[in-house]
Amino acid sequence: MSQRPDSPFAALGLASPLLRAVAERAYAAPTPIQAAAIPPALQGRDVIGCAHTGSGKTAAFGLALLHRLEHTRRSAWRRTKALVLVPTRDLAVQVGETLRQLARHLTDPVKVAVVFGGVSVNPQMLGLRGGAELIVATPGRLLDLIGRNAVQLDDVELLVLDEADRLLDEGFADELDRLTALLPPQRQGLFFSATFPPAVQALATTLLHDPVRVDLPGKPDAAAPAIEQQAIEVDAARRTALLRHLIELHRWPRVLVFVATRYASEHVADKLRRAGLAAAAFHGDLSQGARSRVLAELNSGALQVLLATDMAARGLHIAGLPVVVNYDLPRSAVDYTHRIGRTARAGATGLAVSFVSAATEAHFRLIEKRQGQRVPRQQVAGFEPREVTAPAPDPTGGVKGRRKSRKDKLREAAANEAAANEAAANEAATSGAATKGG
Ligand code: AMP
């Protein structure tokens, strides 16, 4: 299969080995983010790309960086020319796989090394022997490998940050500082993310040179328009029963359910299995092998329900995922956007259902406010909540004393939710259904 020279991808100016790879993946035309970001990237400009998850970001930066590699003189020793940083190991594996496929017809073969923490370092060190032109890495493991002299970054010409908002966040600040200090100052930067809050954008700008900002139509922090959002009012203790009911009623072939903790993911998965559903937990305690197996089973249809924590699910692409359920609400509006972006990828439509209880109502209202959109509350027959929602705070601040700040309210909502979860877990434990967390 090959793309005709007048194909929409050829018009972007991509090298012909890449057009061949794109044709093999049956991409008919560039997605909007690809059409907007690839031309400036090919000119050597730095790019800040803001697009919804599932918009084709990986191929946007992948094609741009491989085009550059195709035109870079290489030495016999495979010096590292391009570095892609990602926040999680699952994303590292997915991005590495896409890049290998896109690189397969390049004139000189490109070695793509994928390194991430949580597994033994030795096979990764072996894999890096003889060098690799392209490294996809999580920051901590990359620093570890640099410390062991398995990687050198002095020749890196191009730095990609995928899920850049997360990498530029406090959690990775230290590691990112140490890594960027090792990179040559003369380099091209391509930073991509679904969300770029102002503080992150400011930080990104310090690492880039006169970047072109590529925004797609729509509010960058809002959910993709193809996602229908629903909020169902239900008591915390009835959520598992409601989840089962919805899965059976709608016959969802595949569903990704977000929970707050590893314990909850194991516990709810176990309850669904007992009810005869093919369900599995997905969290940071699982080995890489177990996580890959679970994902393969979900993609093949052997598994129907995945109970995941935020940590594990960031950046995941699950083919044909019609619905995402927030069993526990996410901590922030940004996490909400990321979660529901797992459905409706590459132009498909999707449904995002959030369970809201009396204890979490205030927290959900804050998320709606940040999203700039109200999601109508619904109830499902047989699961109507019995707990009463606290009335909305008096906007005039009628009571004497300091008005609660947003942080206070978030803390309070989180505490309420934790109490509700505990109550639900206790109830399950006393009814003998509780299982040990993994
Ligand atoms: P990403 O946003 O990189 O996670 O990509 C989401 C999905 O879109 C992946 O399954 C890609 O294979 C797919 N994709 C990327 N580019 C295109 C394109 N130009 N046409 C159709 N599908 C695409």
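In the predicted model, Tyr-336 and Phe-364 are both buried. The rings of Phe-61 and Phe-192 are likewise assigned to the interior, Phe-61 being buried with a relative accessible area of 0% and Phe-192 being buried with a relative accessible area of 2%. These four residues account for two of the aromatic pairs, of which the count comes to three. Phe-61 and Phe-192 form a tilted pair, with 5.8 Å from centre to centre and 50° between the planes. Since Phe-61 belongs to helix α3 and Phe-192 to strand β6 (residues 188-193), this pair ties together parts of the chain that are 131 residues apart in sequence. The pair formed by Tyr-336 and Phe-364 is edge-to-face, the ring centres being 6.1 Å apart and the planes making an angle of 70°. Here the partners come from helix α14 (residues 333-340), which holds Tyr-336, and helix α15 (residues 361-371), which holds Phe-364, so the pair ties together parts that are 28 residues apart in sequence.

At the level of the whole chain, the secondary structure comes to 16 helices and 14 strands. Of the 438 residues of the protein chain, 53% count as buried. Among contacts with a separation of 6 or more, 75% are accounted for by residues 24 or more positions apart. One example of sequence-distant residues is given by Ala-194 and Val-334, whose C-alpha atoms are separated by 8.9 Å although the two residues are 140 residues apart along the chain. Ala-194 is placed in the loop between β6 and α9 (198-207), and Ala-194 is buried, with a relative accessible area of 4%.

In soluble globular proteins, nonpolar side chains tend to be buried together. In the present model the largest nonpolar core contains 44 residues, and the members that touch the most other members are Leu-63, Leu-65, Leu-66, Val-84, Leu-134, Val-136 and Leu-190. Helix α3 (residues 57-70) supplies the largest share of this core, namely eight residues. For Leu-66, when residues up to four places away in sequence are not counted, the residues touched are Leu-18, Leu-99, Leu-102, Ala-103, Leu-106 and Leu-134. Apart from this core lies another, of 32 residues, which includes Leu-143, Leu-153, Leu-168 and Phe-196.

Strands of a sheet pair through backbone hydrogen bonds, either parallel or antiparallel. An open sheet of seven strands is found in the model, with parallel pairing and the order β10-β11-β9-β12-β13-β8-β14. Its edge strands are β10 (279-282) and β14 (377-378), each of which pairs on one side only. Strand β10 runs parallel to strand β11 (residues 305-308), and four bridges join the two. Within this pairing, Ala-281 stands opposite Leu-307 in β11, while Phe-282 stands opposite Ala-308 in β11. Helix α11 (residues 262-274) packs on the sheet, where it touches β10 and β11, and the direction of this helix makes about 175° with that of β10. Although β10 is an edge strand, both of its faces are covered, with Ala-279 and Ala-281 buried on one side and Ala-280 and Phe-282 buried on the other. Phe-282 is also involved in a contact of another kind, in that the charged end of Arg-291 sits over its ring, 5.6 Å from the ring centre.

Most residues other than glycine have a negative phi, and most peptide bonds are trans. Against this background, two loop residues deserve mention. For Asp-210, phi is near 45°, a positive value in a residue other than glycine. Asp-210 lies in the loop between α9 and β7 (212-215), and Asp-210 is exposed, with a relative accessible area of 51%, a value that falls just on the exposed side of the cut-off, for which over 50% is required. For Arg-251, phi is near 50°, again a positive value in a residue other than glycine. Arg-251 is located in the loop between α10 (239-250) and β9 (255-258), and Arg-251 is exposed, with a relative accessible area of 69%.

Note on methods. Residues numbered from 1 in each chain as written. Predicted model: local features only at pLDDT ≥ 70, side-chain atom pairs only at ≥ 80, totals over all residues. Heavy atoms only, no water. Core = buried A, V, L, I, M, F, W, Y, C linked by side-chain atoms within 4.5 Å. Buried < 20%, exposed > 50% of the residue type's maximum accessible area, 1.4 Å probe, protein only. Contact = heavy atoms within 4.5 Å. Phe/Tyr/Trp six-rings, centres within 6.5 Å; stacked < 30°, edge-to-face > 60°. Lys NZ or Arg CZ within 6 Å of the ring centre and 35° of its normal. Pairing = 2+ DSSP bridges. Axes fitted to C-alpha atoms, helices over the stretch in contact; angles between N-to-C directions.
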